[in-house]
Amino acid sequence: MTIELASSVEERLRDLASRQGRDVGVLVEEAVREYLEAMSITDVDSAEVAETQVALMAELSDVPEW
C-alpha cells in the first residue's frame, strides 16, 4: 500500500523515526494498523466487514506510490 503525505507530515515522521532509531515505514504501518483496529472495533458491524474492505480497497487504489 502506498500513502501520500503532506511534506510537513513526512518531515515530522522522518524526524520522529530518526529520534527513535526506527524506520519511517514501520511508524506509518503501526499508525495505520492501530487506526484500522480502532475503527473495526467501533464503527463496523461484523456483517459489514467484507463490504467495508471492498470500499476501502476502492478508495486506496487511486493513491499514488509514496
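A helix here is a DSSP run of H or I at least four residues long, numbered from the N terminus. With that in hand, Arg 14 lies in helix H1. The model in these views is a predicted one.

**View 1. The whole chain: three helices and zero strands.** Starting at the N terminus, the order of elements reads α-α-α. The chain has 66 residues, and 9% of them count as buried. Its accessible surface is about 5400 Å², with 53% of that belonging to carbon and sulfur atoms. As for contacts with a separation of 6 or more, 57% are between residues 24 or more positions apart.

**View 2. The largest nonpolar core, a set of five residues.** Zoom in on Leu 13, Ala 17, Val 24, Leu 27 and Val 28, which make up this core. Helix H1 (7-20) and helix H2 (24-42) each put in at least two residues. Which helix gives the largest share of the core? That's H2, with three residues.

**View 3. Leu 27 and what it touches.** Leaving aside residues up to four places away in sequence, Leu 27 is in contact with Leu 13, Leu 16, Ala 17, Gln 20 and Arg 22. Two of these names, Leu 13 and Ala 17, are also on the core's list, as is Leu 27 itself. Another contact of Leu 27, Arg 22, turns up again in View 6, where its side chain meets that of Glu 30.

**View 4. Arg 14 and Glu 10, a salt bridge within helix H1.** The count of salt bridges comes to three, and this is one of them: the side chains meet at 2.9 Å, N to O. Both residues are in H1, four residues apart, or about one turn of the helix. Is Arg 14 buried, partly exposed or exposed? At 44% relative accessibility, it counts as partly exposed, because that class sits between the under 20% of buried and the over 50% of exposed. While you're here, have a look at Gly 25: its C-alpha is 9.5 Å from that of Arg 14, and the two residues are 11 apart in sequence.

**View 5. Arg 19 and Asp 15, another salt bridge in helix H1.** Here the N to O distance between the side chains is 3.2 Å. The pair is separated by about one helical turn because Arg 19 and Asp 15 are four residues apart in H1. How do the two partners sit with respect to the surface? Arg 19 has 61% relative accessibility, so it counts as exposed. Asp 15 is at 40%, so it counts as partly exposed.

**View 6. Glu 30 and Arg 22 meet in a salt bridge.** The side chains come to 2.4 Å, N to O. Glu 30 is partly exposed, with 27% relative accessible area. Arg 22 counts as partly exposed too, at 32% relative accessibility.

**View 7. A nonpolar patch on the surface.** Which residues form the patch? They are Tyr 35, Leu 36 and Leu 56, and together they have about 270 Å² of accessible area. Tyr 35 has its place in helix H2, the helix that also supplies three residues to the core in View 2.

Terms used: Residues are numbered from 1 along each chain as its sequence is written. This is a predicted model: local features need pLDDT of at least 70, side-chain atom pairs count only at pLDDT 80 or more; totals for chains, interfaces and linings use all residues. Side-chain values use heavy atoms; hydrogens and water are left out. Buried means under 20% relative accessible area, exposed over 50%, partly exposed in between (1.4 Å probe, protein chains only). Contact means heavy atoms within 4.5 Å. Accessible areas come from the Shrake-Rupley method with a 1.4 Å probe; for residues, only the protein chains shown count as cover. A nonpolar core is a set of buried Ala, Val, Leu, Ile, Met, Phe, Trp, Tyr and Cys residues joined through side-chain atoms within 4.5 Å. Patches are made of residues with over 30% relative accessible area and no salt bridge: like charges are joined within 9 Å, nonpolar side chains (Val, Leu, Ile, Met, Phe, Trp, Tyr) within 5 Å. A salt bridge is a side-chain nitrogen of Lys or Arg within 4 Å of a carboxyl oxygen of Asp or Glu.
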